[in-house]
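Reader: Hi! I'm in my first year and still learning how to look at a protein model. Could you take me slowly through one part of this one, the spots that a database record marks out?

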Amino acid sequence: MDLYEHQARQLFEEHGIVVPKAEVTDTPKGARVIARRLGGRVVVKAQVKTGGRGKAGGVKLAADPAAAELTARQMLGMDIKGHTVGEVMLAQPVEIEDEFYVSYVLDRAAGRFLAIASAEGGMDIEEVAAARPEAVARIPVDPVEGVTSATAARIAETAGLPPQTVDVLVRLWEVLVREDALLVEVNPLVRTRDGRIMALDGKVTLDDNARFRQARWGAEHSAHADPLEAAAAAKGLNYVKLDGEVGIIGNGAGLVMSTLDVVAGCGARPADFLDIGGGASAQIMADGLSVILSDPAVKSVFVNVFGGITACDAVADGIVRALDTVRLTKPLVVRLDGNNAARGRAILDERAHPLVEQVTTMDGAADRAARLATTA
Amino acid sequence: MAIHLTKESKVLVQGMTGGEGMKHTRRMLAAGTNVVGGVNPRKAGRTVDFDDRAVPVFGSVADGIQATGADVTVVFVPPAHAKAAVVEAADAGIGLAVVITEGIPVHDSVAFITYARQKGTRVVGPNCPGLITPGQSNAGIIPADITKPGRIGLVSKSGTLTYQLMYELRDIGFSTCVGIGGDPVVGTTHIDCLAAFQEDPDTDLVVLIGEIGGDAEERAAAYIGEHVTKPVVAYIAGFTAPEGRTMGHAGAIVSGSSGTAQAKKDALEAVGVRVGGTPTETARHVLAVLEAGR
């Protein structure tokens, strides 16, 4: 899960990394009040979880509280690469002497974390890395040892950062480990005119799997923008809303992804991704189906199950149970294979709902569901 | 011969006395796996009856190894305790640890995979269905009865797609099927399995199943180009996945221009791997390649 800039800077601050004074608001009036509190002149920054915000007009300097209010009014509700601005952060401007880049990222290939650092921060680090790879230091971090002062000194020296950044490198590693983050990035890390090292902007991605030991990740962090995703999450379902017309339910992430592709190959667009997981009960199946059927964009539903740990008769029971509680108005194409498939198919045959149709192959069922959605 | 798992393998189950552990130990035994014990410090000395087999419970992996000569452990313990379980198994000198547990924090996976590697323990997973050598042994949760022994090797990030391909090619049969897991960091990679299948005299062809996220498939393609002389047929899931959204597996996410299904397909095709558009088409490619080689 990605954090907003203001959440990332809060974590930095808690771990002793210096950040400029700043506050967040979701109203223009609030922006005026905050700007006054921060001394009048402020940087107004749109809070969106995407890069390229500055170029899109999401970062602006305001000379006084009135200008801050006006700028906030323009920014709130603005669309930046498909992300709507719901909040702005107002920060005290800083006199910059030098800009650097530092991050710790997961190196999947090596199965460990990697420190990336450059004396040329502030601009698009990807461009620097592509044009002059020698300007960006990439140093693997030993998972057992972590980043000690000695390691941090080596990172700083290799990247050409001043010695004062060593402390920040150690603290940033603490953020990564203690907060169970998959990515921490400071860009730019700056040296101010008065010689302080400060994190001006940051990005943090937390590991959803670590929720059980990161108790303070409250509802704020897990908020789902989409109401269907929120409803699915409340039922413990693995669900992603997409923008097509065929509702897709299956068991196992790989098979559901594959089902989306096969449906798309048949000329329709998937409306969603819903994985009922391994060993799913009839209840989970019924819950999943009710979420999909409540999506007005869905024109047909494709249930694709390969029973391994999951038993197809339980899936069929779940479908029948859902038919008893939700009024089915859209065609449902079902393909059951694997564990207890014959029993599952028989259960659906017996129920004989006029809108439920069984097709025995994945490709055939995808084609049928796509056709029903595009001709409906 | 098969890779990593044979009928000689002696299997311990960490977390055997839990709900999932009990269910799957029963299935493993039914598939012919030589399950020699479970591990639970609080239930040491007891036995658990699975139909006609009484399986002893040991207080530690080390005790289990000492008593039985176990060389494989299958880990079913909850995410919060998975790291300790694998570290214990590696300390005890187990050869292979198959980590079924889903939802382990990445920092823990990095730690136990690094540790196990230093101790000489191979980790398969985490968040994987395990591996099966049909007719010989089954370490994990892959359904054993959908296929039979044969000469295809399979390596996959996805459990259900493993089952789908096993089923579609059930008449040909498999040497070993390995589900490596869909997490960002896994102990055994596509490349590890390709290398093992290349060396395995009982494997004629390898099916590789990948998905969006990371660059494991691109690296596998480079490896195939340089080292693999056996035919490889691949399937990649996630062509329709939007950027920035995690599609079920923690590692299945397209970020920026990297990790797309198309990039993976292109890399594999560039080294002569046939890539199917659907699981069914992938199975047809396998049949065609085997037919042509006959």
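Author: Sure, here is a walk through the marked spots in chain B, with a few other residues and a glance at chain A afterwards.

Some ground rules: this is a predicted model, where local features need pLDDT of at least 70, side-chain atom pairs count only at pLDDT 80 or more, and totals for chains, interfaces and linings use all residues. Residues are numbered from 1 along each chain as its sequence is written, chains are lettered from A and ligands numbered from 1 in the order in which they are written, and side-chain values use heavy atoms, with hydrogens and water left out.

Let's start with the "active site", which UniProt, in an unreviewed entry, places at His249(B). UniProt positions are given in the numbering used here, feature names are shortened, and annotations may be inferred rather than shown by experiment. Look for His249(B) in the loop between strand 13 (232-237) and helix 8 (261-270) of chain B. Helices (H or I, at least four residues) and strands (E, at least two) are DSSP runs, numbered from the N terminus. Is His249(B) buried or exposed? Its relative accessibility is 11%, so His249(B) counts as buried. The cut-offs are under 20% relative accessible area for buried and over 50% for exposed, with partly exposed in between (1.4 Å probe, protein chains only).

Who sits around His249(B)? Contact means heavy atoms within 4.5 Å. Setting aside neighbours within four places in sequence, His249(B) is in contact with Ala253(A) and Gly254(A) from chain A, and with Asn127(B), Lys157(B), Ser158(B), Gly182(B) and Glu211(B) from chain B.

Next come the "binding site" labels. One of them, again from an unreviewed UniProt entry, covers Tyr163(B). You'll find Tyr163(B) in helix 5 (residues 159-168) of chain B, and at 5% relative accessibility it counts as buried. Leaving out neighbours within four places in sequence, the contacts of Tyr163(B) include Phe306(A), Gly308(A) and Ile309(A) in chain A, plus Pro129(B) and Ile141(B) in chain B.

UniProt's unreviewed entry also lists Thr17(B), Gly18(B), Gly19(B), Glu20(B), Lys43(B), Ile100(B), Thr101(B) and Glu102(B) under "binding site". These residues span 86 residues in sequence, and the farthest two C-alpha atoms are 23.9 Å apart, so they do not all gather at one spot. Thr17(B), Gly18(B), Gly19(B) and Glu20(B) from this set belong to the lining of the second largest pocket. Here a pocket is found on a 1 Å grid over the protein atoms alone: it is an open set of points with protein on both sides within 12 Å along at least five of seven lines, and lining residues have an atom within 4 Å of a point.

Compare two members of that list. Gly19(B) lies in helix 1 (residues 19-30) of chain B and is exposed, with a relative accessible area of 59%. Ile100(B) is in the loop between strand 6 (96-99) and helix 4 (106-119) of chain B, and its 9% relative accessibility makes it buried. Among the residues that Ile100(B) touches, not counting those up to four places away in sequence, are Val74(B), Val75(B), Phe76(B), Asn127(B) and Cys128(B).

Now for a couple of side-chain pairs. A polar contact is a pair of N or O atoms within 3.5 Å; within protein, one must be able to donate a hydrogen and the other to accept it, and residues adjacent in sequence count only if both atoms are side-chain atoms. Ser175(B), in strand 11 (residues 174-179) of chain B, is buried at 4% relative accessibility. Its side chain makes a polar contact of 2.8 Å with that of Thr203(B). Asp51(B) is exposed at 65% relative accessibility and sits in the loop between strand 3 (47-50) and strand 4 (53-58) of chain B. The side chains of Asp51(B) and Arg26(B) are joined by a polar contact of 3.0 Å.

Finally, have a glance at chain A. It contains 13 helices and 18 strands, and 55% of its 376 residues count as buried. The C-alpha atoms of chain A fill a box of roughly 80 × 50 × 40 Å, taken along the principal axes.

Technical notes: 1 Å grid on protein atoms, 1.4 Å probe; cavity = no way out; pocket = protein on both sides within 12 Å on 5 of 7 lines; lining within 4 Å.
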